[in-house]
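Me: I'm new to this one and would like to know why things get the labels they get. Can you walk me through it?

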Amino acid sequence: MRLVWIGPPLVLAGLLACGESSSPDYGTPSNPNTPPPVATTNVTIANYAFSPANASVRRGTTVRWTNNDPVTHTATSTDGLWDSGSLGAAGTDSYGSPTSGGSFERQFTTVGSYPYRCRFHPGMTGTVTVTQ
């Protein structure tokens, strides 16, 4: 019997994985009418404001809030549906390059209007409007 060296075990693992599907698995939603993610809309937090303050998205879209301010903020639903918790402040890395602060994502699956605010800075408000 002749043995053939094919390299380290990682190569073998890579060869075994080649036949697997690379499609994402979203799992089975608890509600069959919930659409899979179709898009992501970004809302930036900067200069004590949400931008865009009024985001209009299609049903199934994920909205991502990212804090680019040097202070902590939140994205908190005014009707109690969600709360991002504290989104850490942006800063600079060890090379002096700017870094983003904390971020939060939420998928919107129901048509409607969703007002929100920053719990720490009540003058910071926004709305996500979800359309069909």
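Me: Let's start small. Where is the place of Tyr48?

Reply: Tyr48 is in the loop between β1 and β2. One thing to keep in mind as we go: this is a predicted model.

Me: Why does Tyr48 count as partly exposed?

Reply: Its relative accessibility is 42%. Partly exposed covers what lies between under 20% for buried and over 50% for exposed, so Tyr48 gets the middle label.

Me: And what makes Asn47 exposed?

Reply: Asn47 comes out at 69% relative accessibility. The cut-off for exposed is over 50%, so exposed it is. Asn47 lies in the loop between β1 and β2 as well.

Me: What is there to say about phi of Asn47?

Reply: Phi of Asn47 is near 55°, which is a positive value in a residue other than glycine. Tyr48 also has a phi near 55°. For context, most residues other than glycine have a negative phi.

Me: Which sense do β1 and β2 pair in?

Reply: Antiparallel, over 3 bridges. Two bridges are the least that a pair needs, so β1 and β2 qualify. Within that pairing, Ala46 stands opposite Ala49 in β2.

Me: How do you know that β2 and β8 stand at the edges?

Reply: Look at the strand order of their open sheet, β2-β1-β4-β8, where the pairing is mixed. β2 (49-51) and β8 (103-107) each have a single partner strand, so one side of each has no neighbour in the sheet. From one strand to the next, the twist averages 20°.

Me: Which strands form the other open sheet, and in what order?

Reply: The order is β3-β10-β9-β5, again 4 strands with mixed pairing. Here β3 (54-58) and β5 are the edge strands, each pairing on one side only. Inside this sheet, β9 and β10 pair in the antiparallel sense over 6 bridges, and Tyr116 stands opposite Gly126 in β10.

Me: What is the peptide bond from Ser51 to Pro52 called?

Reply: That bond is cis, with omega near 0°. Pro52 is in the loop between β2 and β3. Most peptide bonds are trans.

Me: Now the inside. How many residues does the largest nonpolar core have?

Reply: There are 17, and those with the most contacts inside the core include Phe50, Trp82, Phe108 and Tyr116. The elements that give two or more residues to it are β1 (40-46), β4 (62-67), β9 (112-117) and β10 (125-131).

Me: How many aromatic pairs are there?

Reply: The count comes to 8.

Me: Why is the pair of Trp82 and Tyr116 called tilted?

Reply: The ring centres are 6.2 Å apart and the planes stand at 50°. A pair needs centres within 6.5 Å, and tilted is what remains between under 30 degrees for stacked and over 60 for edge-to-face. So this pair is tilted. Trp82 lies in the loop between β5 (76-77) and β6 (91-92) and Tyr116 in strand β9, so the pair ties together parts that are 34 residues apart in sequence. Both Trp82 and Tyr116 are buried.

Me: What makes the charged end of Arg106 sit over the ring of Phe108?

Reply: The charged end of Arg106 is 4.7 Å from the ring centre. The distance cut-off is within 6 Å, so that part of the test is passed. Arg119 sits over the ring of Phe120 in the same way of naming, with its charged end 5.4 Å from the centre.

Key:
Residues numbered from 1 in each chain as written. Predicted model: local features only at pLDDT ≥ 70, side-chain atom pairs only at ≥ 80, totals over all residues. Heavy atoms only, no water. Core = buried A, V, L, I, M, F, W, Y, C linked by side-chain atoms within 4.5 Å. Buried < 20%, exposed > 50% of the residue type's maximum accessible area, 1.4 Å probe, protein only. Phe/Tyr/Trp six-rings, centres within 6.5 Å; stacked < 30°, edge-to-face > 60°. Lys NZ or Arg CZ within 6 Å of the ring centre and 35° of its normal. Axes fitted to C-alpha atoms, helices over the stretch in contact; angles between N-to-C directions.
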